[in-house]
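Visitor: I have a model open and would like to learn how to read it. Where do we begin?

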Amino acid sequence: MNPKPEVLFVCVHNAGRSQMAAALLQHYAMGRVTVRSAGSAPADKVNPAAAQALAELGLDITAEVPSKLTTEDVEASDVVITMGCGDTCPVFPGKRYLDWELEDPAGQGIDAVRPIRDDIDRRVRGLLAELLDAPA
């Protein structure tokens, strides 16, 4: 792994789960991890309920723009995490691939999105501990 681990979160629309995961990892990593997120069919904007759920934690993703998944994103990453949405990524040797089975926040209200946010938060904290404790 690179001295500074690189993580890519992938979800079809890159509007909810992957955006929340990226924002949370950026927040907790404090510059110690390079974080990307992308989707195979990006939405026009971030899911408003996902943005509201993160705003409750003091994080603002309203200016984020969903982006298209590229082979280069995957190739540059040490860890590629799909969000249980059936997205497929190019596979490169030496990369770590994880699939986090998560509920889809699309079309959900804030009360349904909070538990998804909290699940992502727990997973991100665990991932960060693994990344930062890994031998160089």
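**Reading the pocket, the sheet and its helices**

Guide: Start with the pocket. The largest pocket is lined by 13 residues, and Gln19, Ala22, Gln26, Ser37 and Glu64 lie nearest its centre. Keep in mind that this is a predicted model.

Visitor: Which elements give two or more residues to the lining of the largest pocket?

Guide: Two elements do: α1 (17-29) and β2 (34-38). Helix α1 gives the most, with four residues.

Visitor: What is the volume of the largest pocket, and how do the residues of its lining divide?

Guide: The volume is about 160 Å³. The lining holds five nonpolar, five polar and three charged residues.

Visitor: Now the sheet. What is the order of its strands?

Guide: Read a sheet from one edge to the other. Here the order is β2-β1-β3-β4, in an open sheet of four strands with parallel pairing. At the edges stand β2 and β4 (96-99), each with a single partner strand, so one side of each has no neighbour in the sheet. Neighbouring strands are turned by 20 degrees against each other on average, direction ignored.

Visitor: How many bridges join β1 and β2?

Guide: Five bridges, in the parallel sense, pair β1 (residues 6-10) with β2. Take valine 10: its bridge partner in β2 is alanine 38.

Visitor: Which strands does α1 touch, and which does α4 touch?

Guide: Look at contacts, then at direction. Helix α1 packs on the sheet and touches β1 and β2. The direction of α1 makes about 170 degrees with that of β2. Helix α4 also packs on the sheet, touching β1, β3 (79-82) and β4. The direction of α4 makes about 155 degrees with that of β1.

Visitor: At what angle do α2 and α4 pack?

Guide: For a helix pair, read angle, distance and handedness. Helix α2 (residues 48-55) packs against α4 (residues 110-133) at about 65 degrees, with the axes 9 Å apart. The crossing of α2 past α4 is right-handed.

Visitor: Which residues make the contact?

Guide: From α2 come Ala49, Ala50, Gln52, Ala53 and Leu54. From α4 come Ile110, Val113 and Arg117. By class, this contact of α2 with α4 has six nonpolar residues, one polar and one charged.

Key: Residues are numbered from 1 along each chain as its sequence is written. This is a predicted model: local features need pLDDT of at least 70, side-chain atom pairs count only at pLDDT 80 or more; totals for chains, interfaces and linings use all residues. Side-chain values use heavy atoms; hydrogens and water are left out. On a 1 Å grid over the protein atoms alone, a cavity is a set of points where a 1.4 Å probe fits but cannot get out, and a pocket is an open set with protein on both sides within 12 Å along at least five of seven lines; lining residues have an atom within 4 Å of a point. Grid points are joined across faces, edges and corners, and a volume is the space filled by probe spheres set on the points. Ala, Val, Leu, Ile, Met, Phe, Trp, Tyr, Cys and Pro count as nonpolar, Asp, Glu, Lys and Arg as charged, and the others, Gly among them, as polar. Axes are lines fitted to C-alpha atoms, for helices over the stretch in contact, and angles run from 0 to 180 degrees between N-to-C directions. A crossing is left-handed if the near helix is turned anticlockwise from the far one by less than a right angle, and right-handed if clockwise. Contact means heavy atoms within 4.5 Å. Two strands pair if DSSP finds at least two bridges between them.
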